[in-house]
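Reader: Hey, got a minute to walk through this one with me? I'd like to go bit by bit and ask as we go.

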Amino acid sequence: MLQDPRLTIIVENSASLDNSSVWAQHGLSIFLELGYGPERIRLLWDTGASSEVMLHNADALDLDLNVIDLICLSHGHYDHTGGLMGVLQRRNGRICILAHPDIFSPKLKDRPALQFIGAPFTRTQAKAAGAIMLDCRGPAAVAPGVMTTGEVPRIETIEKVEGFWTVREGQYCQDTIPDDQALAVNMPGKGLVVITGCAHSGIINTIRHAQKITGVEKLYALIGGFHLMEADDKRIEATAEALRKLDPAIVRPGHCTGQKAVYRLQESLGERCRPLAVGDTIQL
Ligand SMILES: [Zn+2]
Ligand SMILES: [Zn+2]
């Protein structure tokens, strides 16, 4: 049975003053240590935006990348995949990378001008560096009590995906980022822990889907990017209200959540909500 999961934030947009040896960067990477009696499983969730920052912070935080059993990627954007090649090159031997097959589809943003924001490597390069790519569209059980969500159904009408583009079958079109997924951890006696990348699917949609695939209703903790940076007041308000009802004990927004949404969530959830910073450890 899963006991005492511990998370370490390796890459995040902000660094706290008590951790001056680490570098902040627009991106996200979280190291998860999961205990099962005498056994430990180490999982890497995303890899930040660059190998330089990823490896520097891992060293500064004294995290051995060689002990990682599995890497899961939340989606294809560079700020979550950009450090992967560095991690692979640092490690001995091959390792499984679990992600949606669309992480390698063209990922574009149209502001200020059309630009590429996808993974800075190809599937072939990742494989040559030791990646065993596991392409999963749906949920996958990656360790006892731990699942990736796979594609997240878009139910909440207020949680729209805007400003992202792709090219599909020769057509330039909106990217709804179908590859976006989260991690769902079932903690016996406590409830569900949802760990997001950017939550492009919508943070509430993501929680609902995690509840559905695990069969666990009670939300215990929510950690990661909530993608409310460009959200209007109505959406921020609806999110704060939904989270208030879900009543989680721990809420750690970071990365793409946006200052305004963080303030609003702190106002609504009080002490339970604290923004993330590089080097933070979260004992669940
Ligand atoms: Zn993204
Ligand atoms: Zn992001």
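Reader: Let's start with something small. Which residue does Glu 241 form a salt bridge with?

Author: Glu 241 pairs with Lys 245, and the closest N and O atoms are 3.9 Å apart. Keep in mind that this is a predicted model.

Reader: Where do Glu 241 and Lys 245 lie?

Author: Both sit in helix α6, four residues apart, which is about one turn of the helix.

Reader: And is Lys 245 buried or exposed?

Author: Lys 245 is exposed, with a relative accessible area of 63%. Glu 241 is partly exposed, at 31%.

Reader: What about Lys 260, which residue is its salt-bridge partner?

Author: That's Asp 233, with 2.5 Å between the closest N and O atoms. Lys 260 is in helix α7 and Asp 233 is in helix α6 (residues 233–246), so this pair ties together parts 27 residues apart in sequence. Asp 233 is partly exposed, with a relative accessible area of 48%.

Reader: How many salt bridges does a search of the whole structure find?

Author: The count is 14. One of them joins Arg 123 and Asp 135, at 3.1 Å from N to O. Arg 123 belongs to helix α4 (residues 123–128) and Asp 135 to strand β8, so the link ties together parts twelve residues apart in sequence. Arg 123 is partly exposed at 25% relative accessible area, and Asp 135 is partly exposed at 38%.

Reader: OK, switching to the metals. Which residues coordinate the zinc ion (ligand 2)?

Author: Asp 79 (OD), His 80 (NE2), Cys 198 (SG) and His 255 (NE2) do, at 2.1 to 2.2 Å. Along the sequence, those donor residues follow the spacing D-H-x117-C-x56-H. Asp 79 is in helix α2 (residues 78–81), and His 255 is in the loop between β16 (250–254) and α7 (259–269), so these two tie together parts 176 residues apart in sequence.

Reader: Why does the site of the zinc ion (ligand 2) count as irregular?

Author: The angles among its four donor atoms run from 85 to 162°. A tetrahedral call needs all angles between 85 and 135 degrees, so a spread reaching 162° doesn't qualify.

Reader: Fair enough. Are Asp 79 and His 255 buried or exposed?

Author: Asp 79 and His 255 are both buried.

Reader: And which residues are the protein donors of the other zinc, ligand 1?

Author: His 75 (NE2), His 77 (ND1) and His 200 (NE2), lying 2.1 Å from the zinc ion (ligand 1). Their sequence spacing is H-x1-H-x122-H. His 77, in the loop between β4 (70–72) and α2, and His 200, in the loop between β14 (191–196) and α5 (203–214), link parts of the chain 123 residues apart. His 77 is buried, with a relative accessible area of 3%, and His 200 counts as buried at 4%.

Reader: How far apart are the zinc ion (ligand 1) and the zinc ion (ligand 2)?

Author: They are 3.7 Å apart.

Reader: Now the strands. How many of the residues of strand β5 are buried?

Author: Four of the five residues of β5 (residues 95–99) are buried, so the strand is largely enclosed by the rest of the structure. β5 runs parallel to β4, joined by two bridges, and pairs in the parallel sense with strand β8 (residues 131–135) over five bridges. Ile 97 has Ile 71 as a bridge partner and is itself partnered with Met 133 in β8.

Reader: And which strands form the open sheet with antiparallel pairing?

Author: There are four, in the order β7-β6-β11-β12. The edge strands, β7 (115–116) and β12 (171–174), each pair on one side only. Between β6 (residues 108–109) and β11 there are two bridges, and Leu 108 stands opposite Trp 165 in β11.

Reader: Last thing: which residues make the nonpolar surface patch?

Author: Leu 114, Val 167 and Tyr 172 make it, over about 290 Å². Val 167 lies in strand β11 (residues 164–168) and counts as partly exposed, at 40% relative accessibility.

Terms used
Residues are numbered from 1 along each chain as its sequence is written. Chains are lettered from A and ligands numbered from 1 in the order in which they are written. This is a predicted model: local features need pLDDT of at least 70, side-chain atom pairs count only at pLDDT 80 or more; totals for chains, interfaces and linings use all residues. Side-chain values use heavy atoms; hydrogens and water are left out. Donors are N, O and S atoms within 2.8 Å of the metal (3.2 Å for Na, K and Ca); water is not among the atoms, so sites may look incomplete. Four donors count as tetrahedral if all angles lie between 85 and 135 degrees; four count as square planar and six as octahedral if opposite donors are over 155 degrees apart and all others between 65 and 115; anything else is irregular. Buried means under 20% relative accessible area, exposed over 50%, partly exposed in between (1.4 Å probe, protein chains only). Patches are made of residues with over 30% relative accessible area and no salt bridge: like charges are joined within 9 Å, nonpolar side chains (Val, Leu, Ile, Met, Phe, Trp, Tyr) within 5 Å. Accessible areas come from the Shrake-Rupley method with a 1.4 Å probe; for residues, only the protein chains shown count as cover. A salt bridge is a side-chain nitrogen of Lys or Arg within 4 Å of a carboxyl oxygen of Asp or Glu. Two strands pair if DSSP finds at least two bridges between them.
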